[in-house]
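The exercises below ask you to work through one protein model, step by step. Please read each task with the coordinates open, and attempt it before turning to the solution beneath.

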Amino acid sequence: MPPEPNDVRPYPALDEVDRAILTELAADGRLPNNALAERVGVAPSTCLTRTRALRERGAIRGFHAEVDPAALGLPLQALVSVRLTAHERAAVDAFRARSVRLPGVVSVFHVAGADDYVLHVRAASGDALRDFVLDHLAVDPVVQHTQTSLIFEQARGVG
C-alpha cells in the first residue's frame, strides 16, 4: 500500500537509476517508457519494472494532466488560509479529511505559522468563492479564522 500523500519517509534504497527515473518523470510525466529507458540508460523492461516498483513504494504518487482551470469553467483561483480553534490530532486529522473532499479544492497544505492550513481552491466566480468560504469553512466549528488571497497568475517552477 502506498504511503499517505504527506507521509515523509526516506528512500535509502533508491539508487542512481531510480533517482534518474524520478527526475525524468517529474519533468515530463507523459514520457513513454522507451524514451525514459533511453534517457536513464537502461533496457525498457528494466525501466518498466523499476517504475512500477517506485509506484508501489509510494515514490511515484501518480500521474495527472495539468488542465487550464478556465477550460473547466473555474477561472478564479485562490489560497485560503485557515486557522483552527483546536489542535488535537483528531480535530486536525478530521479537518484535513473533510477539506480534501470539498468542491473546488485542488490541494490542502498543513503549514507552520499563524495559520494551520492553506487550501488551493478553484471557483467559477468571486461569488462562488465567497460561497465556498461561507458554506464550507465559516460554518465548520473547528475553523477559527480564514483569509483568502486571490491568485492572479501561476507559474510552475522547475523543482
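**Exercise 1.** What kind of interaction joins the side chains of D18 and R50? Place the two residues in the fold and describe their exposure.

*Solution.* The model is a predicted one, and the distances in these solutions are to be read as computed from it.
Step 1. The side chains of D18 and R50 form a salt bridge, with an N to O distance of 3.0 Å.
Step 2. D18 belongs to helix 1 (residues 16-27) and R50 to helix 3 (residues 44-57), so that the pair, 32 residues apart, links distant parts of the chain.
Step 3. D18 is buried, with a relative accessible area of 7%, which falls under the 20% cut-off for that class; R50, at 23% relative accessibility, counts as partly exposed.
Step 4. The pair also belongs to a network of salt bridges in which D15, D18 and R50 are linked.

**Exercise 2.** Which residue forms a salt bridge with E66, and which residue forms one with D127? Compare the sequence separation of the two pairs.

*Solution.*
Step 1. E66 is bridged by R156, the closest N and O atoms lying 2.9 Å apart.
Step 2. Because R156 lies in the segment after strand 4 (143-151) while E66 is in the loop between helix 3 and strand 1 (76-84), this pair ties together parts that are 90 residues apart in sequence.
Step 3. Both R156 and E66 are exposed.
Step 4. D127 forms its salt bridge with R130, where the closest N and O atoms are 3.3 Å apart.
Step 5. R130 and D127 are 3 residues apart in helix 5 (residues 126-137), and they are therefore separated by about one helical turn.
Step 6. R130 has a relative accessibility of 43% and counts as partly exposed, and D127, at 49%, counts as partly exposed too.
Step 7. For the model, the count of salt bridges comes to 9.

**Exercise 3.** Is S99 buried or exposed, and which residues does S99 touch beyond four places away in sequence? Relate these contacts to the pairing of strands.

*Solution.*
Step 1. S99 is found in helix 4 (residues 89-99) and is buried, with a relative accessible area of 1%.
Step 2. The side chain of S99 reaches the backbone oxygen of R96 at 3.1 Å.
Step 3. Leaving aside residues up to four places away in sequence, S99 touches V105, V108 and L119.
Step 4. Two of these residues face one another across a pair of strands, since L119 in strand 3 is the bridge partner of V108; strand 2 (residues 105-110) and strand 3 (residues 117-123) pair in the antiparallel sense over 5 bridges.
Step 5. The two strands form a hairpin with 6 residues between them, and G113 in the turn has a positive phi of about 120 degrees.

**Exercise 4.** Into which domains is the protein divided, and which residues does the UniProt annotation "domain: HTH asnC-type" cover?

*Solution.*
Step 1. The division gives domain 1 (14-55) and domain 2 (67-149), whose C-alpha centres lie 35 Å apart.
Step 2. According to the unreviewed UniProt entry, the annotation "domain: HTH asnC-type" covers residues 14-75.
Step 3. In the model, the end C-alpha atoms of residues 14-75 lie 40 Å apart, and the span is 55% helix and 0% strand.

Definitions and conventions: Residues numbered from 1 in each chain as written. Predicted model: local features only at pLDDT ≥ 70, side-chain atom pairs only at ≥ 80, totals over all residues. Heavy atoms only, no water. Helix = DSSP H or I, 4+ residues; strand = E, 2+ residues; numbered from the N terminus. Buried < 20%, exposed > 50% of the residue type's maximum accessible area, 1.4 Å probe, protein only. Polar contact = N/O pair within 3.5 Å; in protein donor to acceptor, adjacent residues only side chain to side chain. Contact = heavy atoms within 4.5 Å. Domains from an automatic or database assignment. UniProt positions renumbered as here; feature names shortened; annotations may be inferred. Salt bridge = Lys/Arg side-chain N within 4 Å of Asp/Glu carboxyl O. Pairing = 2+ DSSP bridges.
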